[in-house]
Structure formats: C-alpha cells, structure tokens
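Q: I have a new structure to look at. Can you walk me through a few parts of it?

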Amino acid sequence: MALRTVDPAGPPARPAADDPPRGSEPLGGGPPRRPRPTDPLARLGPPPPGDRLRGWLVTAALAVVAALVRFPGLGRPTDRGTPIFDEKHYVPQAWQILRNGGVEDNAGYELVVHPPLGKQLIALGELVFGYDPVGWRAAAALFGVVSVVLVVRVARRLTGSTLLGGVAGVLLICDGLSHVQSRVGMLDAFAATFVLAAFATLLRDRADVRARLAAAVAAGRVADSPYGPWMGVRWWRLATGVLLGLGCAVKWSTAWWVAAFGVLMVFWDVRARRAAGVPRPWRGGLLRDAGPGLWALALVPVLTYVASYWAWFRSETAIDRFVVGTKVGTDGPWSFLPDALRSLWYYHGKVLEFHSALTTASSSTGPHPWESKPWSWPMGLRPMLYHYAGDLGGCGDGRSDCVSAVMLVGTPALWWPALAVLALALWRLCTRFDWRYGAVLVAYGAGIVPWFIAYERQMYYFYMAPVAPFLVLATVLVMGEVLGRAGASDERRQTGLLVVGLWVGAVVANFVWLWPILNGTPITPDMWNAQLWLPSWRG
C-alpha cells in the first residue's frame, strides 16, 4: 500500500544542499543559509512553491502568448503550394494514414523509416483543417504550445520560483529552433514534447517518493526494515514510461532518454532512502525501487511502442504486414511467435538497415549542403535552410527582388552562452552535488552524446529539438544563481535581477530580429544578408 503524504509539524525546513535555492523570496529578504540539517524530514526537501494560483496564472498567460506566436501564418511559406524540406516525406505519409485506416500502405513508396505516431498526429491536423499547410502544421504548433506549458511547470518545480518558471517559458517561446520546428509538418516537435513531459513526470515521481518517505519518517516506520519501506504503486513513474514509449513511437532516438531517465530514477531513489535514514539505502533502492522500475521504464515503453502500431496490426494492406511465408520463412527458432510480430520485426529490420546505411559517405552527390555534426550543435553554429525563394514582391516600395526564407536557427542570445551555462552546471554538480543540475545535464546529454558515437551518420541540427528545453532549464538554473540567495544584500539581489532582466531582454530582442527568417516573411536582399551573422549560416 502506498504511503500517504503528511506535513511534518513545525515550520517548514530550510532546503537541503541538494534542494533548490529559494529564488522566489523578496529581494534582500530571508535569513542567511544554514548548515545542512540533520533531521531526515528536513533532508527530504521542502514542499513545492505555495503560490499555486499565481503559478497557474503565469502558465496560462504564457500558453496564450505561445499560441499567438506559434499559430499565426502557419499557411506560409510553401514550395509553390507543396510542403517544404522534410515535410515532403511526412505530410503525404500522414495523408495516406488518414485515408487508409491509420497506416501507410503504398508499397511503391517504401521510404517509411519512422514509427507511425508522429505522422498520425500530423494526420489529425489534416483531418481538421484539410490537406493544406495549416493542416500539415497545426498539430506541431499545438505541441509547441504544450512544450511551453511543460517547461514553465518544470522550471518552477526545479527552482521553487514562479518568476523563474515564467522566464523559462519566455525563453522557450523565443527560441528560434523550437519556434521553427513547431511550425513545420515534421516529427521533432512531437518527440520534444513527449521527452519533456516524461521529464516532468519523473520529477513528480521524485517528489512523490520523498513525500511518502517523509510520511514513513513521521510515523516512525522508516527503519522497520534495513532496506526501508515499500513505495507502493508509483503512478508518476508509470506515466513516465508511457510518455517515453510515445516518444519512441515518434522517433527511435527517444530511446536514449529511456536509458538516461532510468539511471536518474535509480540514483534519486537511493538518495531519497539515504536522506530518510534508511540503514541500507543502496540495497533498498535496488531491491525495492529498481526492480519495479524496470517494468515502468523498460517494459511499459516497449508495450506502448508496440501499441502504437495498432493500425498496422489490423490492416490488410500495410507495408510488410504479411511477409511471413514470402520474405520471412515459416520455420526457424522464432517460428513460435505470431506471424504479426515476426512481420513487425522484419519491418523494423528494414528500417534499421536504412538508418545504418544513411552515412555522409553513402551519398552519391556528396554531403547534404546543410548537414552538421554534433560538436556544432550546442551553440547552433550550423543552422539549416528549410525554404528559400527570391525575386518576390511584398517587402515594400513595390520591389520585386524580395527574399523569403525559413532558417532553422537557435536564438544566439540563448544558444551562444550554452558552453558557459553547461560548464557552470557541471561545476555546481561537482562542487555542491546539486541534483537539479545533474538531472538537466543528463537529459541534455542524452540528446547529443550518442550522436558522437555514430559520427559517420548523416546528421542535422534539427536533432537538437528535444534538447532545446533542457538548454532553457539549464539557463534558468544559472539565472537563479545570478539572482542570488535570499540572504544576500539588497544591492547584490538587485544587481542580479538587472543582469537576468538584460539577458532575457536580449533573447527576446534577438528573436524579434530573426523573426523574418524564422517565418518566411519577405525581406530585402540587404536585410537577408544582415540576418546571416556567421559564415556557417550561409550555404
């Protein structure tokens, strides 16, 4: 049976060393920082911020702003009425899905190299708005707004500050990469939202576990066993598994976050048991938490992923649905499996074969003009040009030499300080053992480190779309450090607020400057050249 949360008697404890500094106190207020508490209840951490109403009002307001930024003008640009860039793959596949019961079934168009969920979501937009640019992009725009809501809530929980939660929402709204990916009919906005949602539920699971342990400490039952108490059913952890499975059902690369979040979960569980005073926290965590966690973060994602092929299983015409007896033999060591699962395995083998062969050297025409390698991604040094059209009107004074372009570029005021932000995060993790920096760094690393292993593969900057929210979260944590602790002097806190305000203002102003090339607004050739700040931004 799950333990219920109880509030310990007395005033709320000061945060432990691995809990967030209270960035929401008035400037110059609060007592100086105290030593790490010895009371297990205090070590399990403070409750979340108490200004729930204000927190939700800020979240709702930023969701409206995100919708006003993401949705207008979705119908442009196009490639003379057709999709742009990789929309040319996913948009017609989504239309096939819509017209054929949820699956692609054109055997002559077998370039189906990603799972179905992202294309099914695009198909829902096409169902509502029709087979036009708004229909292609509506679902991605909606998920872009959901990501802003999630990042506000996650940042607020990490920092204990509604102010910093709101800042995180502003930064994600004004991130050029997240903006563009939320306005094209591609898959990455969906994967990014599912990964961020999984991170949010994992944080809720961490808080829930610590609340249950606090209840056990208050009841005097934490040491009834040297391994600590059973935690019962952990619904937030199960939700994390489902969300990661949905992410994998959009793109396989989400699997790296399955492994990364599993490591975080085990480490957090052991730390929580140690903070609660469990005599043998490592064994307790491994025996009573890690075992059930394998079901939640290993089996549940797999089951969710397989379930995403529901339409494929029930189809009579889906690609490779019935290959047993033709392309796959009827005997062999795996013949005991149902034919449907064997066909699905064959189908996935063909997809894996495609991805394995997709290398820079394999292209007969040389490297893709906008290919990039992961060393350039943290600062967004090599963006991507999704659309370009010249000799247009529409930029004033009756000109006919206007330019319309959509470039996938991270807002430099947010992305260029990334190495310094990540270095400070690593420093804080190593010197203060601050779990928040560790969580964000692990989530960030899961989206970029694996690509160094497959260095020869064709790679593109849009692979960073699921990583962008974690760059925002790392930046907000650093901004919390800049703001200063509650015990600092008035001058220190006000100076910190000024620096953070200027930083956020620079990101917003930079985003406004880039607006024309993020949205395909016609501009003069001189303005187009002024937008291209680095040589690597040019073809």
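A: Sure. This is a predicted model. Start inside, with a cavity: the lining of the second largest cavity has seven nonpolar, one polar and three charged residues.

Q: Which residues line the second largest cavity?
A: The list is Leu74, Arg76, Pro77, Ile84, Arg137, Val180, Arg183, Val184, Val406, Leu518 and Asn519.

Q: What volume does the second largest cavity have?
A: About 80 Å³.

Q: How many cavities of 30 Å³ or more turn up in the whole structure?
A: Three, from a search of the whole structure.

Q: And what is the volume of the largest cavity?
A: The largest cavity comes to about 120 Å³.

Q: How many residues line the largest cavity, and which lie nearest its centre?
A: The lining has 13 residues. Nearest the centre are Gly144, Ser147, Ser178, Ser182 and Ala192.

Q: Which elements give two or more residues to that lining?
A: Three helices do: H5 (133-159), H7 (176-181) and H8 (188-218).

Q: Which one gives the most?
A: H8, with four residues.

Q: How do the residues of that lining divide by class?
A: Five are nonpolar, six are polar and two are charged.

Q: New topic: helices. How many residues does helix H4 have, and what is its reach?
A: Helix H4 covers residues 117-129, which is 13 residues. From first C-alpha to last, H4 reaches 19 Å. That is close to the 18 Å expected at 1.5 Å a residue.

Q: Which residues of H4 are buried?
A: Leu117, Gly118, Lys119, Gln120, Leu121, Ile122, Ala123, Gly125 and Glu126.

Q: What do the buried residues of H4 pack against?
A: Five helices: H3 (87-99), H5, H8, H9 (235-248) and H12 (310-314). H5 and H8 also came up with the largest cavity, where each gives two or more residues to the lining.

Q: What comes just after H4?
A: Gly130, with a positive phi of about 95 degrees.

Q: Switching to cysteines. How many disulfides are there?
A: The count is one disulfide. Cys395 and Cys402 form it, with their sulfur atoms 1.9 Å apart.

Q: Is the link of Cys395 and Cys402 left-handed or right-handed?
A: Left-handed, with -75 degrees about the S-S bond.

Q: Is Cys395 buried or exposed?
A: Buried. Its relative accessibility is 19%, and the cut-off for buried is under 20%.

Q: What about its partner, Cys402: buried or exposed?
A: Cys402 is buried, with a relative accessible area of 0%.

Q: And Cys174, buried or exposed?
A: Cys174 is buried, at a relative accessible area of 8%.

Q: Why does Cys430 count as partly exposed?
A: Because its relative accessible area is 49%, and partly exposed runs between 20% and 50%.

Q: Back to the disulfide. Which residue touches Cys395 and Cys402?
A: Pro522 touches both, leaving out residues up to four places away in sequence. Pro522 also touches Gly393, Gly394 and Val403.

Q: Where is Pro522 found?
A: In the loop between helix H19 (490-519) and helix H20 (525-531).

Q: How far apart are Pro522 and Gly393, in sequence and in space?
A: In sequence, 129 residues. In space, 7.4 Å, C-alpha to C-alpha.

Q: Last one: what is the relative accessibility of Pro522?
A: It is 28%, so Pro522 counts as partly exposed.

Technical notes:
Residues are numbered from 1 along each chain as its sequence is written. This is a predicted model: local features need pLDDT of at least 70, side-chain atom pairs count only at pLDDT 80 or more; totals for chains, interfaces and linings use all residues. Side-chain values use heavy atoms; hydrogens and water are left out. On a 1 Å grid over the protein atoms alone, a cavity is a set of points where a 1.4 Å probe fits but cannot get out, and a pocket is an open set with protein on both sides within 12 Å along at least five of seven lines; lining residues have an atom within 4 Å of a point. Grid points are joined across faces, edges and corners, and a volume is the space filled by probe spheres set on the points. Ala, Val, Leu, Ile, Met, Phe, Trp, Tyr, Cys and Pro count as nonpolar, Asp, Glu, Lys and Arg as charged, and the others, Gly among them, as polar. The expected span of a helix is 1.5 Å times one less than its number of residues. Buried means under 20% relative accessible area, exposed over 50%, partly exposed in between (1.4 Å probe, protein chains only). Contact means heavy atoms within 4.5 Å. A disulfide is a pair of cysteine sulfur atoms within 2.5 Å.
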